[in-house]
Amino acid sequence: LVLALTEISILSESRTMTTEQVIYLCCNGIMILMSLILLCLSTQLTRKSPTTTILAIYFYYAVCFIYCVFVEIDHRKNYGEKIDYFFIVVFMSAYYSHLRVLMFRHMVLIYIVNLIGWVIIKVIYSEKSVVQTIVLLFIVVCTMINHYSSEKSFRISFNYERSLNHEIKRTQALLRNLVPPNVFRGLLKGKRIADNLQNVTLLYTDMCGFTAFSKTREPKAVVELLSKLFQRMDNLCIKNNVYKVHTIGDCYVVSGYTGKVSSEKRDIYQEAINVIETGFDMLNIIRDVREELAIEDLDMRIGIHTGMMTAGIIGSNIVRYDIFGSDVLIANKMESSGLNGHVCVSEDTRRIVMENQPDKYKFEKHVTVPVENLNKKVKEYIVTRNENEDGPGSRFMSEEESSDEDEDGID
């Protein structure tokens with residue numbers, strides 16, 4: 001700004017201006033404007049568009065060069081010493097190097113062009129250029145050495161940081177698969193999220209014939225069987241929008257609540273239907289695996305219950321997301337008292353489905369399950385898809401009939 005005011009005051013003394021004077025005065029104004037923009041916005045521009053920033057800096061240096069040419073051509077001996085813009089180019093380059101806007105190869109190109117311009121102008125138009133040339137070369141060499149060393153350190157730290165970020169992303173991806181999204185977001189903030197949810201539909205499975213299979217097969221074959229089954233079930237959970245809580249041996253636990261939405265926006269009816277459909281699909285998976293591996297006795301029991309659930313992270317060094325509550329025990333009881341190759345649900349799950357979509361499934365009374373720890377009994381039903389109104393071979397009960405049915409015990 002001081003340079004611009006100085007030039008304007010000098011040129012205002014003359015009534016007319018030459019073409020050269022107009023050009024270098026315009027260049028002066030462009031340089032000041034570009035300097036302010038680049039100094040204020042260099043970091044933001046580099047982050048958003050590094051190529052545009054580098055081109056803008058090259059343009060700035062080109063304007064500087066044009067200005068220097070016309071200042072030297074215009075012999076104004078009475079106006080005193082003028083600031084040498086070649087030194088400004090060097091110092092501005094060092095500044096952008098410090099901001100890591102320009103890489104070392106860009107700096108070398110700028111310095112080469114700068115030295116060529118210096119030689120052309122200073123040697124031709126100036127009689128005393130030896131000392132200034134030596135000073136300029138000294139500054140250029142010092143700044144290039146400093147820039148090279150700083151860029152080398154920056155590359156090392158950048159590679160370390162990129163490797164660290166890659167490992168952090170891998171760890172977060174693994175953790176994201178181990179806990180629900182809402183718990184994961186809490187862990188990133190250093191908080192432990194504990195959920196106390198109502199009307200959560202839980203599914204428990206147990207593979208029938210797996211114990212006998214594991215006794216007669218090699219450990220590798222047992223692990224391969226579980227891996228094949230659980231991999232398909234994991235994909236099924238994603239497809240049906242349910243959450244895999246954990247596995248315990250050959251037991252697979254699923255929750256209808258995924259943690260993707262807040263508890264206020266949950267659709268408990270759709271959650272129950274998603275879990276029931278997951279149970280049907282799991283039976284199809286076990287049948288396919290049974291045929292592929294020719295294991296005649298391999299089958300699955302599935303029990304589903306809807307109720308209250310407490311869930312959260314337990315442990316300090318070895319952490320685990322787990323679920324608790326009396327209704328979790330009931331869901332486990334629905335599985336242990338169920339039938340092989342069928343999906344069994346509790347009265348609470350049946351009631352939720354009948355309130356929302358009464359014609360979607362058929363429910364057959366199976367047994368009344370005593371839960372000794374809770375001192376209560378829970379009715380259990382076999383559920384099937386309602387493809388035909390009167391499917392042969394099963395007895396289906398209406399809601400009124402089920403309420404009048406005598407409570408049976410398990411044989």
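This passage walks through the cores, salt bridges and aromatic contacts of a predicted model.

The nonpolar interior is a good place to start. The largest nonpolar core has 38 residues, and L229 and M282 are those with the most contacts inside it. Helix α10 (residues 268-293) supplies the largest share of this core, with 10 residues. A second core, separate from that one, has 19 residues, V179, L197, M309 and A311 among them. As for M282, once its neighbours within four places in sequence are set aside, its contacts are L203, T205, M233, L236, Y252, V254, M300 and I302.

Helix α10 itself can be checked for length. Its 26 residues should span 38 Å at 1.5 Å a residue, and the end C-alpha atoms are 37 Å apart, so the two values agree. Just after α10 comes A294, with a positive phi of about 55°.

M300, one of the contacts of M282, also turns up next to strand β1 (residues 194-208), the strand that holds C208. The C-alpha atoms of C208 and M300 are separated by 5.3 Å, although these positions lie 92 residues apart along the chain. Neighbours within four places in sequence aside, C208 is in contact with D297, L298, D299, M300, R301 and N340. C208 counts as buried because its relative accessibility is 9%, against a cut-off of under 20%.

R301, another contact of C208, leads on to the charged pairs. There are 13 salt bridges in the structure. In one of them R301 is paired with D206, the closest N and O atoms being 3.1 Å apart. This pair links distant parts of the chain, with R301 in strand β4 (residues 299-314) and D206 in strand β1, 95 residues apart. Both R301 and D206 are buried. The two do not stand alone, as D206, R301 and E335 are linked in a network of salt bridges.

A salt bridge also joins the side chains of R232 and E292, again at 3.1 Å from N to O. Here too distant parts of the chain are linked: R232 is in helix α9 (residues 219-240) and E292 in helix α10, 60 residues apart. The setting is another matter, though. R232 counts as partly exposed because its relative accessibility is 29%, and E292 is partly exposed as well, with a relative accessible area of 45%.

Helix α12 (residues 347-356) gives a local example. The side chains of E347 and R350 meet in a salt bridge, 3.6 Å from N to O. The two residues are three apart in helix α12, so about one helical turn separates them. Burial is uneven across this pair: E347 counts as partly exposed because its relative accessibility is 25%, whereas R350, at 1%, counts as buried. R350 has a second partner in Y381, since the charged end of R350 sits over the ring of Y381, 4.9 Å from the ring centre.

T349 lies in the helix too. With a relative accessibility of 0%, T349 counts as buried. Residues up to four places away in sequence aside, T349 touches I276, I304, H305 and T306.

That leaves the aromatic rings. Three aromatic pairs are found in a search of the whole structure. One of them, formed by Y243 and Y321, is edge-to-face, at 6.0 Å centre to centre and with 85° between the planes. The pair links distant parts of the chain, Y243 being in strand β2 (residues 243-248) and Y321 in strand β5 (residues 320-324), 78 residues apart. Y243 counts as buried because its relative accessibility is 9%; Y321 is buried too, with a relative accessible area of 6%. F280 and Y361 also form an aromatic pair, this one tilted, with centres 6.0 Å apart and 45° between the planes. F280 lies in helix α10 and Y361 in strand β7 (residues 361-371), so the pair ties together parts of the chain that are 81 residues apart in sequence. Both F280 and Y361 are buried.

Note on methods
Residues numbered from 1 in each chain as written. Predicted model: local features only at pLDDT ≥ 70, side-chain atom pairs only at ≥ 80, totals over all residues. Heavy atoms only, no water. Helix = DSSP H or I, 4+ residues; strand = E, 2+ residues; numbered from the N terminus. Buried < 20%, exposed > 50% of the residue type's maximum accessible area, 1.4 Å probe, protein only. Contact = heavy atoms within 4.5 Å. Core = buried A, V, L, I, M, F, W, Y, C linked by side-chain atoms within 4.5 Å. Expected span 1.5 Å × (residues − 1). Salt bridge = Lys/Arg side-chain N within 4 Å of Asp/Glu carboxyl O. Phe/Tyr/Trp six-rings, centres within 6.5 Å; stacked < 30°, edge-to-face > 60°. Lys NZ or Arg CZ within 6 Å of the ring centre and 35° of its normal.
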